[in-house]
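Biologist: Could you take me through one part of this model in detail? I would like to hear how the helices are arranged, and then what follows along the chain.

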Amino acid sequence: MTDVDALRALMESDRWIDRVVAQREHLPEAEELATLEDQLRVEVAAIRDAEAAVAPLRAGYEEVAARADRLQQRRRELEAALASSTGGARDLSAMQRELESVSAQGDVADDEALELLESVEAHDAAVDRLRRAIKPRLARREELRSTVDQLRASLDEEVVSLRAAREERSRDVPEALLARYRRAMTRAGGAGASQIVAGRCDGCRIALAPLDLDRAKGQAEGTFMDCPSCGRLLLP
Ligand SMILES: [Zn+2]
């Protein structure tokens, strides 16, 4: 195997690894998941707010309902006492006045309790609607999470096997060239070599100056110039 062939094989390995790693980092499903999670965060916060708004209403309703019950109880006691009373006229009239007052207060409390109850029910219904509305998105989130996990695991496996193959290929490249290749790869990323395609380095896609093109063409076999732009070893 010539040095050019060995370098080209190594370059292709590295480019392939680079593509798979990029694919792993930019899964469309992961992007959809991130968007969905942002949306769900907003929606869950809206549900929490709606629940928080209903709590004081419910407490208010319970307090007024308890007061209405106490007034109702007192009203029944007074009615019973009046019905069976043999007391003096003054006691009876005092009881009658209290009954009127308790009845009036009881009616106000009943109305207030009813109003609060309707409000609590309307808020509960709104919370229910919000909860039902996000259900399909919660299901989609689970689906996407599992898909993303599976895809990443399979791409990770692919990268491991590609890296093993790449190590094999790197053994065919002479040490001095491999050192240059590594330096270029560290600096430029992706692969440490590139090819001239239509007058451009296909690593950085920058056109070579005519003089550099001539120089690259005139390289003795087994010698390589660096791309003047990205520093990768230029393969013929
Ligand atoms: Zn270049």
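Modeller: Happy to! Let me start with the crossing of α1 and α3, which is left-handed. Keep in mind throughout that this is a predicted model. Helix α1 takes in residues 3-25, and its axis comes within 9 Å of the axis of α3, with a crossing angle of roughly 165°. Since angles over 145 degrees count as roughly antiparallel, α1 and α3 are therefore roughly antiparallel to each other.

Helix α3 has another partner to look at. Helix α2 covers residues 28-84 and helix α3 covers residues 89-170; their axes come within 5 Å and cross at roughly 160°. That angle makes α2 and α3 roughly antiparallel as well, so please picture their N-to-C directions that way. The crossing of α2 and α3 is left-handed. As for what makes up the contact of α2 with α3, its residues divide into 34 nonpolar, 10 polar and 19 charged.

Now let us move along to helix α4, residues 175-188. This helix has 14 residues and spans 20 Å from its first C-alpha to its last, close to the 20 Å expected at 1.5 Å a residue. Its buried residues are Leu177, Arg180, Tyr181, Ala184, Met185 and Ala188. These buried residues cover an arc of only 135° around the axis, and therefore they sit on the same side of α4. If you turn to the other side of α4, you will find Glu175, Ala176, Ala179, Thr186 and Arg187, which are exposed.

Beyond that helix, two loop residues deserve a look at their backbone. One is Ala198, in the loop between β1 (193-197) and β2 (200-201). Its phi is near 50°, a positive value in a residue other than glycine. Ala198 counts as exposed because it has 6 C-beta neighbours inside 10 Å, and the cut-off for exposed is 12 or fewer.

The other is Arg205, in the loop between β2 and α5 (210-217). Here phi is near 65°, again a positive value in a residue other than glycine. Arg205 has 11 C-beta neighbours inside 10 Å, so this residue counts as exposed too.

To put the picture together for your viewer: α3 is roughly antiparallel to α1 and roughly antiparallel to α2, α4 has its buried residues on the same side, and the positive phi values of Ala198 and Arg205 belong to loop residues.

How values were computed: Residues are numbered from 1 along each chain as its sequence is written. This is a predicted model: local features need pLDDT of at least 70, side-chain atom pairs count only at pLDDT 80 or more; totals for chains, interfaces and linings use all residues. Axes are lines fitted to C-alpha atoms, for helices over the stretch in contact, and angles run from 0 to 180 degrees between N-to-C directions. Helices (H or I, at least four residues) and strands (E, at least two) are DSSP runs, numbered from the N terminus. Angles under 35 degrees count as roughly parallel, over 145 as roughly antiparallel, 65 to 115 as roughly perpendicular and the rest as oblique. A crossing is left-handed if the near helix is turned anticlockwise from the far one by less than a right angle, and right-handed if clockwise. Ala, Val, Leu, Ile, Met, Phe, Trp, Tyr, Cys and Pro count as nonpolar, Asp, Glu, Lys and Arg as charged, and the others, Gly among them, as polar. The expected span of a helix is 1.5 Å times one less than its number of residues. A residue is buried if 20 or more other C-beta atoms lie within 10 Å of its own, exposed if 12 or fewer, and partly exposed in between; C-beta atoms are placed from the backbone. The arc is that of the directions from the helix axis to the C-beta atoms.
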